[in-house]
Amino acid sequence: TYDETLLTLTNSANGAALDNAVFTAGQSISLNPYILTWASASNIKESGVIAELTFDVSETAEGTSEISVEIIEMFSSRSAGSVTDALPLYEAKNGVVTFDAAGGETGGDSGEEEETNSLKLKGARLELKNDISILFFADKATLDSLGYVNPRLKAMYRNEEIIITPTDNDTEYVFKFENICPHEMNELVTAVLVAEREGVECESSSVQYSVAKYAYGVLGATDNSKLQTLLVDMLRYGSAAQIYMGYSVDNLVDSALTDEQASWGSVTLKELKSVYETISAEGNIRAQWKGASLLLDNNVEISTSFEINNAEGVYVNIYSENGYLLEEFSGEKLTVTPLDSGNVRVSFAFNGLTASQMRETVKFIVYDNENRAISDTLMYSIESYAFRLQNEDTALADLVKAMMMYGDSASAYVS
């Protein structure tokens, strides 16, 4: 980005550092921020010039003007049921233009000394599963070899500081910032890696990331049609959530889509079907199902309950349509509420489905403490909830339909 009152961009060209990559200049030379993209870059190990920009200078320009640079690494990898993105392993330095009395200019970096702090985040990935999460990474071998201990992530989100402790694999410390609500796709997470070395607490430079930043960065670079559809549908889902929640409706997350990008999204919602039913079972049926619905918050949860005379020792198994055990609910995972009748109502919410599994059927069965089935089989799906609302003209119905389009495009992408 640059000051358009002082500078006019007239040309951009690829630099020598990435000359083996596929270079794409911005769609319009007048855009500010001006986005440059490189694809298929590999084995880049040296610092260097990645782009050369040519500006015309205003005749009235005086003093200095900063040219700021932000690096957004695009799509990196994907895994079953999720979509991930990697942040860059590069560092950018802002530049400054100094104007002489004749309206000319000289260039240079910002004049700041090179950072000597070796504590830094390696990258980050956006994870779309049963919720939206950002995974931040730090290189384990580097931190260990330099004597850093007790690493953790300090994340600022909506004016709240959150400390995240890592899980680790063989090569990385992984910090998971989870449960980002669909209506908060524009919200920035500012992350700082913190650790001690020789008894002194050290901090890395900060990294800012958001769902929207990921989506628009990738849309500006990828030619993968399924990924394009997924990201546009995701942004539309986020906007529908903003409208439903009444949250920042003057800055909808899909509002920056170009006409071309908007055309990449799903046009119509595929036919919806409901699998909601209870299948009768034989034996001592003591638990009676009392319906099912969805909870729409930071993730999509199937909420259901049953009534029984005594809940002691009971548990619920949740199965996929083909009989695979997805999760067991027992003890504190079940909420028990006394009823005037003398029975109790047992409720719980299941969030074990990913974005790509919204049309998949799940089965719920209640068992007693002797592992005997004591309920009919409840069949449900996220799609079943959408089926019930599909003909309504409400913000909730619009949200659910946008959610299903996003789920369908996620399913198409990961399949």
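Biologist: Which residue of β15 is the bridge partner of Thr167?

Modeller: In this predicted model, the partner of Thr167 in β15 is Val174. Local features require pLDDT of at least 70, side-chain atom pairs count only at pLDDT 80 or more, and totals for chains, interfaces and linings use all residues. Residues are numbered from 1 along each chain as its sequence is written, and side-chain values use heavy atoms, without hydrogens and water.

Biologist: What makes β14 and β15 a pair?

Modeller: Strands (E) are DSSP runs of at least two residues, and helices (H or I) of at least four, numbered from the N terminus. Two strands pair if DSSP finds at least two bridges between them. Strand β14 (residues 167-168) has two bridges to β15 and runs antiparallel to β15, so the pairing criterion is met. A hairpin of three residues links β14 to β15.

Biologist: What makes β11 a partner of β15?

Modeller: Strand β11 (residues 132-139) and strand β15 (residues 172-180) share seven bridges in the antiparallel sense. Val174 of β15 is also the bridge partner of Phe137.

Biologist: Why are β19 and β23 said to stand at the edges?

Modeller: The open sheet has five strands in the order β19-β27-β26-β22-β23, paired antiparallel. β19 (277-279) and β23 (325-330) each have a single partner strand, so one side of each lacks a neighbour in the sheet. From one strand to the next the twist averages 25°, with axes as lines fitted to C-alpha atoms (for helices, over the stretch in contact) and angles from 0 to 180 degrees between N-to-C directions. For β19, three antiparallel bridges lead to strand β27 (residues 377-380), where Leu378 is the bridge partner of Thr278.

Biologist: What makes a space in this model a cavity, and how many are there of 30 Å³ or more?

Modeller: On a 1 Å grid over the protein atoms alone, a cavity is a set of points where a 1.4 Å probe fits but cannot get out; lining residues have an atom within 4 Å of a point. Points are joined across faces, edges and corners, and volume is the space filled by probe spheres set on them. Three cavities of 30 Å³ or more result. The largest has a volume of about 140 Å³. Of its 15 lining residues, Lys129, Asn130, Asp131, Val300 and Tyr406 are the closest to its centre.

Biologist: Which helix gives the most to the lining of the second largest cavity?

Modeller: That helix is α3, with four residues. This cavity has a volume of about 80 Å³, and both α3 (225-245) and α6 (395-414) supply at least two lining residues.

Technical notes. On a 1 Å grid over the protein atoms alone, a cavity is a set of points where a 1.4 Å probe fits but cannot get out, and a pocket is an open set with protein on both sides within 12 Å along at least five of seven lines; lining residues have an atom within 4 Å of a point.
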